[in-house]
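Here is a short report for a reader new to this chain. Please look over the sequence and the structure first.

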Amino acid sequence: MKPMMAAFFSKKSITAFIFIFGCGISVMAQSQVPSSAMQHKKDSTIYTIYLSFDDGPLEGSEDINDAVQKEDIKVNVFVVGMHAFASARMQRFYKLYEADPHIEIGNHSYTHAHDHYNLYYAKPDSVLRDFEKNQLELGIKNKLARLPGRNMWRLKDLVINDNITGRQAADTLYKSGYRVFGWDLEWQHSGETGIPLQSVNEMVEIIERKLREGKTIRKNQLVLLAHDEMFRNGWEESELKQLILKLKSFGNYRFEHLSNYPD
Ligand SMILES: [Zn+2]
């Protein structure tokens, strides 16, 4: 699963067309930002960020745990049982997540579809069994779910599909009591190195613009998807820290758990 990115830069605008297949979906992000307007505009609206990390535990999970403790923010992780039971080290990382009240754990399936998404979603009942196995073996307490490789949503008054297989599986999970969360924005990364593809400033700019212009799924709420493996350089040097500090510095951003996302 190798993300591919083509970016075109000009003096007055940054236009980035990003085609990513890393999680099995295609995303096109476009930002048009005069370089002189990169500084933060004053805004008194309270915005809520739901920072979520997928696919853990993996190398990087320990740093996320450190990060959220030091910055005292709430985040969600969507975990994969097969990764948690891969080694004693990963089991230890998972226990760090379990013990940390900053972290709310959600279900991202036991197998992650073995990365064969169309095959996986052809059998919605076995998708449900895969999620139930994950729920049981990892002792997940809530019923928050995210589908592997799919940006699909199932909440009380919200149904969003991303035009590929998985609709029936999402329906089946919802009927079984899961709230299914996709995302508003992905911070993409290289599948080989884990390095984030967008700079902190680019991400902050896109986050602000989406919220200001009401281009999120729920008004004033933004679900940001990142992955555990992205921030392996240690907390102090990480782009994640810079992003959190920057959003905190604006004064009107809150970090919240997805269990508090409006239905
Ligand atoms: Zn995933």
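Is aspartate 72 buried or exposed? Aspartate 72 is exposed, because 9 other C-beta atoms lie within 10 Å. The model shown is predicted.

## Overall make-up

The chain has 263 residues, and 41% of them count as buried. Its secondary structure comes to 8 helices and 12 strands. Contacts often link distant parts of the sequence. Among contacts with a separation of 6 or more, 73% are between residues 24 or more positions apart.

## The nonpolar core

In soluble globular proteins, nonpolar side chains tend to be buried together. Here the largest nonpolar core has 58 residues. Those with the most contacts inside this core are Ile49, Val77, Val79, Val180, Leu222 and Leu224.

What does isoleucine 49 touch? Setting aside residues up to four places away in sequence, isoleucine 49 touches Leu222, Leu224 and Leu247. Tyr253, Arg254 and Phe255 are also among the residues that isoleucine 49 touches.

## Into and out of helix α1

The loop between β3 and α1 holds proline 57. A cis peptide bond joins glycine 56 to proline 57, with omega at about -5°. Most residues other than glycine have a negative phi, and most peptide bonds are trans.

Helix α1 covers residues 61-71. Its buried residues are Ser61, Glu62, Asp63, Ile64, Asn65, Ala67 and Val68. They pack against three strands, β3 (47-56), β4 (75-79) and β5 (103-107), and against helices α3 and α8 (239-250).

Aspartate 72 follows α1. This residue is found in the loop between α1 and β4. Its phi is near 50°, a positive value in a residue other than glycine.

## Helix α1 against helix α3

Helix α3 spans residues 88-99. How far apart are the axes of α1 and α3? They are 9 Å apart, and the two helices pack at an angle of about 20°. That angle is under 35 degrees, so α1 is roughly parallel to α3. The crossing of the two is left-handed.

On the α1 side, Ser61, Glu62 and Asn65 make the contact. They meet Phe93, Leu96 and Tyr97 of α3. By class, this contact has 3 nonpolar, 2 polar and 1 charged residues.

## Helix α5 against helix α6

Another helix pair involves α5 (residues 124-138) and α6 (residues 167-175). Their axes come within 8 Å and cross at roughly 50°. The two helices are therefore oblique to each other. α5 passes α6 in a right-handed crossing.

Which residues make the contact? From α5 come Pro124, Asp125, Val127, Leu128 and Phe131. From α6 come Gln168, Ala169, Thr172 and Leu173. The residues of this contact divide into 6 nonpolar, 2 polar and 1 charged.

## Tyrosine 178, after α6

Tyrosine 178 sits in the loop between α6 and β9 (179-180). Why does tyrosine 178 count as buried? Tyrosine 178 is buried because 23 other C-beta atoms lie within 10 Å.

Leaving aside neighbours within four places in sequence, tyrosine 178 is in contact with Lys143, Ala145 and Leu173. One of these, Leu173, also belongs to the contact of α6 with α5. Tyrosine 178 and leucine 155 are 23 residues apart along the chain. Their C-alpha atoms are separated by 8.6 Å.

## Two asparagines

Asparagine 220 is found in the loop between α7 (200-212) and β11 (221-227). Its phi is near 65°, a positive value in a residue other than glycine. Asparagine 220 counts as partly exposed, because 15 C-beta neighbours lie inside 10 Å.

Asparagine 260 lies in the segment after β12 (253-255). Asparagine 260 counts as exposed, because 12 C-beta neighbours lie inside 10 Å. How far is asparagine 260 from tyrosine 50 in space? The distance is 9.4 Å, C-alpha to C-alpha. In sequence, asparagine 260 and tyrosine 50 are 210 residues apart.

How values were computed: Residues numbered from 1 in each chain as written. Predicted model: local features only at pLDDT ≥ 70, side-chain atom pairs only at ≥ 80, totals over all residues. Core = buried A, V, L, I, M, F, W, Y, C linked by C-beta atoms within 7 Å. Buried ≥ 20, exposed ≤ 12 C-beta atoms within 10 Å, placed from the backbone. Contact = placed C-beta atoms within 7 Å. Axes fitted to C-alpha atoms, helices over the stretch in contact; angles between N-to-C directions. Helix = DSSP H or I, 4+ residues; strand = E, 2+ residues; numbered from the N terminus. Parallel < 35°, antiparallel > 145°, perpendicular 65-115°, else oblique. Left-handed = near helix turned anticlockwise from the far one by under 90°. Nonpolar A, V, L, I, M, F, W, Y, C, P; charged D, E, K, R; others polar.
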